[in-house]
Amino acid sequence: MAEARNNLSADTVLLKVGGMTCAACSGRVERGLAKLPGVEKAAVNLATGKAAVTYDRSQLSLNEIAQKIEALGYTVIRDKVELKITGMTCAACSGRVERSLNKLPGVVSAVVNLAVEKATVEYYPDVVSVQDIKAKIEATGFGALDLTDTAAVDKEQQTHEAESNKQRFRLFLAAGFSVPLLLGMILHMLGLMGGVTEFLMNPYFQFVMATPVQFIAGWQFYRGAYMVLKNGSANMDVLVVLGTSAAYFYSIANVLRGEPHLYFETSAILITLIILGKLLEANAKGKTSEAIKALMGLQAKTARVVRDGQEMDIPVEAVLVGDVVVVRPGEKIPVDGIIREGTSTVDESMLTGESLPVDKAVGDQVVGATINKLGTFKFEAVKVGKDTALAQIVRIVEAAQGSKAPIQRFADVVSGYFVPVVVGLSLVTFAVWFFILDPGNFARALVNFTAVLVIACPCALGLATPTSIMVGTGKGAESGILIKGAEHLEHAHKLTTIVLDKTGTITKGQPEVTDIVTLAGMAEAELVRLAISAEKNSEHPLAQAIVAHGQQQGIALSEPESFTAIPGHGIEVAIEGKRILVGTRKLMKENNIEYETAVATIEQLELQGKTVMLLAVDNQLSGLLAVADTVKESSAQAVAELQKMGIEVWMMTGDNTRTAQAIAQAVGITNVMAEVLPEHKAAKVEALKQEGKIVGMVGDGINDAPALAIADVGFAIGTGTDVAIEAADITLIRGELTGLVAAIRLSKATMRNIKQNLFWALVYNSLGIPVAAAGFLSPVLAGAAMAFSSVSVVTNALRLKRFDPYGELK
């Protein structure tokens with residue numbers, strides 16, 4: 001099947017096209033494709049939604065065909081699959097798998113992450129199948145496991161445990177046979193000759209001890225080397241096999257010739273140390289993905305739902321949208337929903353990083369996996385299964401951890417050339433020692449040859465970036481900072497300019513009554529009672545703010561006898577026989593109501609960024625109500641922190657200049673773009689980029705979507721909603737600007753960690769190779785250093801787990 005499919009893709013491909021609604025659409029796609037140079041024939045079937053394209057590969061690529069269809073306004077259906085790759089040992093392995101997959105017809109892109117041993121492959125499902133992709137990986141010499149299959153996730157865990165057990169067994173075996181060889185070497189070096197030493201140094205005893213280590217414990221290296229060499233490449237296994245085999249077989253030759261120079265202990269101890277390093281590395285790597293395991297562990301196992309009037313406990317997977325779910329104090333909320341009955345306080349720290357519990361009442365949203373602290377309440381399930389906020393967060397973190405940061409490309413390029421270069425250097429070392437520095441001394445040349453091979457393994461280089469990215473993105477998820485890809489984590493630390501949307505970002509996004517001014521002897525309580533009674537039937541946001549204020553005060557309402565909305569001006573209402581007007585100065589003027597005595601107060605309030613509504617009772621001005629979208633408590637602190645980092649901060653809003661200046665002044669922003677229409681926000685961000693600035697845009701993820709998309713890094717202020725998550729590169733679930741500061745700090749800390757790893761990995765190899773070539777490093781020490789260099793890189797990355805992105809911002 002796979003073969004047939006690939007034969008078909010040699011000249012003809014089938015692409016699934018989305019968005020076609022009529023024959024005109026299919027005809028348009030067909031004509032558009034036919035015009036492409038290299039396309040011999042294009043047939044588009046509207047019924048099946050597929051385009052069959054026969055083309056010349058030498059003139060045109062599959063991606064260019066897809067881009068043409070998309071340029072015509074349609075979509076080409078692509079699938080994505082995550083595969084667990086087994087058997088990779090170094091960056092050369094992951095690079096080879098990645099290159100081979102990217103060459104496979106039908107694969108759009110493939111990214112292989114050595115640290116998590118995963119390949120993320122985007123592909124055209126009608127051109128290549130998952131089975132084809134797995135077959136390609138296996139043909140390259142590695143194993144592949146489909147992680148989209150639920151059962152496969154468990155299998156992955158089992159595979160990981162089985163691999164650890166195998167390495168542990170190999171380590172015990174290798175160590176058991178190596179210890180007598182090591183003991184003999186030490187006794188000999190100390191000059192403690194005698195029966196025991198002579199027995200341990202016996203050539204045949206050493207041969208018996210070293211052989212199981214070489215071919216049982218070390219068989220994995222021979223197998224790995226064979227597979228990669230068969231595919232015309234090289235990796236760490238090749239270096240290990242070359243180095244240890246040289247020592248082992250040279251020793252056998254000397255045993256047969258009766259020569260005294262044996263290096264059985266070198267090959268055996270070397271293999272033992274490398275296996276120890278692999279085992280330690282596997283255990284440390286397991287800790288880097290703890291964030292995902294912790295997130296998945298937050299999910300409640302059961303839910304108490306009301307069905308047929310009865311409360312019953314059911315598995316959380318069985319909860320349906322619309323179910324009424326009961327949650328008692330101390331219990332986890334099983335799925336996402338809206339409270340329909342009761343109140344409580346909910347601990348949302350596991351999703352937002354916010355340590356303070358949040359009060360919840362009827363109408364409020366609750367998120368699955370958070371913990372109910374106090375009261376019992378009932379809520380209606382709105383999102384279940386893969387649609388819950390927790391499930392989305394897990395998917396995003398997994399995708400980010402599997403992605404590749406731009407800085408990793410550098411490490412990959414270096415790693416790709418490393419092994420062949422090292423083999424060349426080791427041969428040069430051998431030749432220089434054997435022919436020039438110590439002529440005829442084969443043993444010394446061999447030792448130095450082996451040391452160069454072993455010290456130069458690029459394992460640490462390959463692990464340097466992905467391990468830090470994994471820990472960094474996981475740390476972000478724990479802190480309520482959702483990062484969609486490694487590239488965004490890398491770019492965030494470079495930002496020079498931040499553009500903040502006003503409403504919902506700097507401010508709370510919900511107007512509140514801020515000032516009440518009574519006139520003409522009206523009592524404040526009476527003024528508010530009349531105002532909320534008048535506004536209760538209005539849907540205007542300012543009216544809703546007044547009603548909400550009255551409800552908070554517990555003021556009883558009166559039923560209006562009549563209600564008339566006057567668009568753009570206000571309302572006219574009759575209450576208890578009184579004529580009530582609530583609205584603008586223009587409304588008062590048109591009704592000949594004198595308000596000049598209040599103008600100074602009105603202007604003073606407006607200068608503070610507040611909207612003022614005038615209330616008149618029976619043609620007499622009786623009071624003023626000022627409403628404003630208030631600034632979030634942490635906004636000024638966040639702006640100050642950004643400015644401390646040397647970042648230029650802008651505020652962008654559609655409000656008038658006077659209101660915008662008032663809000664900007666309140667939080668310490670001097671750069672203001674006011675009266676900007678939503679459709680012009682992206683152009684403003686682009687203009688800043690044209691000035692050479694690296695711009696981050698922060699918004700609520702809906703109206704600001706174009707600006708978020710065009711910015712170098714888009715940050716969505718959100719609460720884990722679909723729109724917020726989809727709109728931006730990084731979502732700040734906590735909904736505070738301090739999350740922005742924390743995200744940039746996390747980016748800086750992660751990049752610092754990556755650079756430390758790369759620096760030490762490169763320095764280690766750069767210094768180690770000449771030292772080994774100069775004959776100052778024994779192969780055993782080189783092996784130990786190589787093994788522990790990988791462990792040190794992973795351990796350094798794990799330090800990020802202790803980093804607190806918020807610090808003193810809490």
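**Strands and rings in a predicted model**

User: Which residue in β14 stands opposite V346?

Analyst: Good place to start, and keep in mind that the model is predicted. Strand β13 covers residues 344–347 and is joined to β14 by three bridges, the two running antiparallel. Opposite V346, in β14, stands V358.

User: Which strands stand at the edges of the sheet?

Analyst: Let's look at the strand order first: this open sheet has three strands, arranged β14-β13-β16 with antiparallel pairing. An edge strand has a single partner, so one of its sides is left without a neighbour in the sheet. That is the case for β14 (358–360) and β16 (371–372).

User: What is the angle between the planes of F430 and F434?

Analyst: Happily, these two are simple to find, as both lie in helix α15 (residues 406–437), four residues apart, about one turn of the helix. Their rings form an aromatic pair, with 5.8 Å centre to centre. Planes under 30 degrees apart count as stacked. This pair is stacked, and the angle between its planes is 10°.

User: Is F434 buried, partly exposed or exposed, and why?

Analyst: Buried would need under 20% relative accessible area, and exposed over 50%. F434 has 22% relative accessibility, so this residue counts as partly exposed.

User: How many aromatic pairs are there in the whole structure?

Analyst: Aromatic rings also gather in a cluster, formed by F207, F215, W219, Y222, Y248, F249 and F264. For the whole structure, the search finds this number of aromatic pairs: 18.

User: Which residue lies over the face of Y806?

Analyst: Here a charge sits over a ring. The distance from the ring centre is 3.8 Å, and the residue is R734.

How values were computed. Residues are numbered from 1 along each chain as its sequence is written. This is a predicted model: local features need pLDDT of at least 70, side-chain atom pairs count only at pLDDT 80 or more; totals for chains, interfaces and linings use all residues. Side-chain values use heavy atoms; hydrogens and water are left out. Rings of Phe, Tyr and Trp (its six-membered ring) pair if their centres lie within 6.5 Å; planes under 30 degrees apart count as stacked, over 60 as edge-to-face and the rest as tilted. Buried means under 20% relative accessible area, exposed over 50%, partly exposed in between (1.4 Å probe, protein chains only). A charge sits over a ring if NZ of Lys or CZ of Arg is within 6 Å of the ring centre and within 35 degrees of the ring normal. Two strands pair if DSSP finds at least two bridges between them.
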